[in-house]
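Work through these short exercises with the model open beside you. Try each task before you read its solution.

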Amino acid sequence: MAEPIRLAAANEAEPQRLPRNIEAEAAFLGAILIDNRIIEDVSIKLQPDHFFEPLHGRVYEQILRLIDRNMLVTPVTLKPFFEADEAMRELGGPGYLVKLTADGAGLIGARDFAQQIYDLALLRELVTVGRTLVDNALDTSESVDPKGQIEAAESALYKVAEGEGETGSMKSFFFFFSEAIKNVEKALNSGGSLSGVTTGLDSINAKCGGLHNSDLVILAGRPGMGKTSLATNIAFNAARRWVREREDGIEESKGAGAKVAFFSLEMSADQLATRILAEQSGISSELLRMGKISRDDFRELSRASRELQELPLYIDDTPALTIAALRTRARRLQRRHGIGLIVVDYLQLLQGSSRANDNRVNEISEISRGLKTLAKELSIPVVAL
């Protein structure tokens with residue numbers, strides 16, 4: 001059996017070793033060079049940045065380029081690209097590529113090696129997040145902003161949890177082209193007008209095709225014009241559509257419904273629930289509060305309440321939320337429940353950071369940017385009143 005390949009990576013001398021498996025990287029690359037079809041069997045999106053050893057990352061990147069051109073990838077076809085590579089020269093030149101194929105053990109466990117390379121890359125990203133968090137927390141030379149640090153840490157952890165940290169965040173045009181085609185197909189299947197989350201209102205859906213991922217939608221109007229009423233109807237319709245699509249066996253990615261998070265800074269949760277119940281039962285919310293309803297009304301109320309119990313509609317009525325706290329809660333809701341739509345009632349009741357409080361215009365601008373960033377980060381629509 002050939003002697004295992006060992007490389008001294010740039011950060012080998014670290015007192016605390018970062019998670020890595022250089023031998024697994026070498027074995028995986030060797031397996032691809034022996035049989036190019038192996039790369040088609042790897043289900044995870046392994047990127048060059050996931051390799052701990054920079055040379056291995058460059059080799060893998062060149063392999064992907066040649067395979068993309070439908071070229072056969074072997075140590076011979078790779079040789080011209082690495083004759084001037086300094087790291088390769090230190091290992092004896094392009095002959096190192098031949099050494100990668102000397103031990104064919106990688107052919108058996110190529111998929112497992114790829115998964116381990118990916119998992120270790122995520123662990124290294126987690127270590128980086130932890131170190132950054134500790135360094136920032138210990139640094140009190142500038143103005144101390146613990147809430148801002150918590151927000152930044154949770155955002156970084158969310159990216160690691162989604163497998164989209166700093167490594168591998170760049171995607172090819174083909175990826176987004178495929179997503180665009182899926183949206184067109186979704187609109188076609190829904191009757192030719194709906195490619196996003198439904199509002200439940202045909203006239204609005206016809207105008208905008210529903211609420212689309214990464215969009216920040218501002219619902220504006222003077223006081224008492226029905227902004228909250230419209231927003232609660234949109235939230236209810238999206239959640240009810242989600243339930244019905246699951247009952248009909250429609251895949252979530254192909255449906256127009258969504259689980260909804262409703263941040264109600266103006267009304268309490270029970271007030272909002274009463275309003276939704278009144279709208280769906282057709283009974284005045286004022287009569288409901290005073291109990292002035294008939295037995296027929298009560299039966300209709302019971303029917304509506306049973307339907308509402310099954311809805312994936314989550315209400316947070318915490319007053320005076322900061323934009324940072326709202327984003328933190330939204331990330332948790334998506335991790336735990338997979339929400340697909342956020343409604344904020346209403347924007348001016350949110351608070352910005354302490355740095356922006358001296359200027360209300362700057363504060364509202366910060367809040368708007370934060371909501372747009374949240375929509376893009378979670379890849380869901382956000383409706384702000």
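The exercises below concern a predicted model.

**Exercise 1. The sheet**

Task: Find the order of the strands in the open sheet and name its edge strands.

Solution:
- Step 1. Read across the five strands: the order is β1-β5-β4-β2-β3.
- Step 2. Check the directions. The pairing is parallel.
- Step 3. Look for strands that pair on one side only. These are β1 and β3 (313–316), the edge strands.
- Step 4. Compare neighbours. On average they are turned by 15° against each other, direction ignored.

**Exercise 2. One strand pair**

Task: How many bridges join β2 to β4, and which residue of β4 stands opposite F263?

Solution:
- Step 1. Locate β2 at residues 260–264 and β4 at residues 341–345.
- Step 2. Count the bridges between these parallel strands: there are five.
- Step 3. Go to F263. Its opposite residue in β4 is V344.

**Exercise 3. Helices on the sheet**

Task: Which strands does helix α11 touch, and which does helix α15 lie across?

Solution:
- Step 1. Take α11 (residues 227–247). This helix packs on the sheet and touches β2, β3 and β4.
- Step 2. Its direction makes about 160° with that of β2.
- Step 3. Take α15 (residues 323–337). This helix lies across β2, β3 and β4, at about 155° to β2.

**Exercise 4. Unusual phi values**

Task: What is the sign of phi at S214 and at S379?

Solution:
- Step 1. Recall the rule: most residues other than glycine have a negative phi.
- Step 2. S214 has a positive phi of about 75°. S214 sits in the loop between α10 (202–208) and β1 (216–218).
- Step 3. S379 also has a positive phi, near 55°. S379 is in the loop between α16 (360–378) and β5 (382–384).
- Step 4. The relative accessible area of S379 is 35%, so this residue is partly exposed.

Technical notes
Residues numbered from 1 in each chain as written. Predicted model: local features only at pLDDT ≥ 70, side-chain atom pairs only at ≥ 80, totals over all residues. Heavy atoms only, no water. Helix = DSSP H or I, 4+ residues; strand = E, 2+ residues; numbered from the N terminus. Buried < 20%, exposed > 50% of the residue type's maximum accessible area, 1.4 Å probe, protein only. Pairing = 2+ DSSP bridges. Axes fitted to C-alpha atoms, helices over the stretch in contact; angles between N-to-C directions. Contact = heavy atoms within 4.5 Å.
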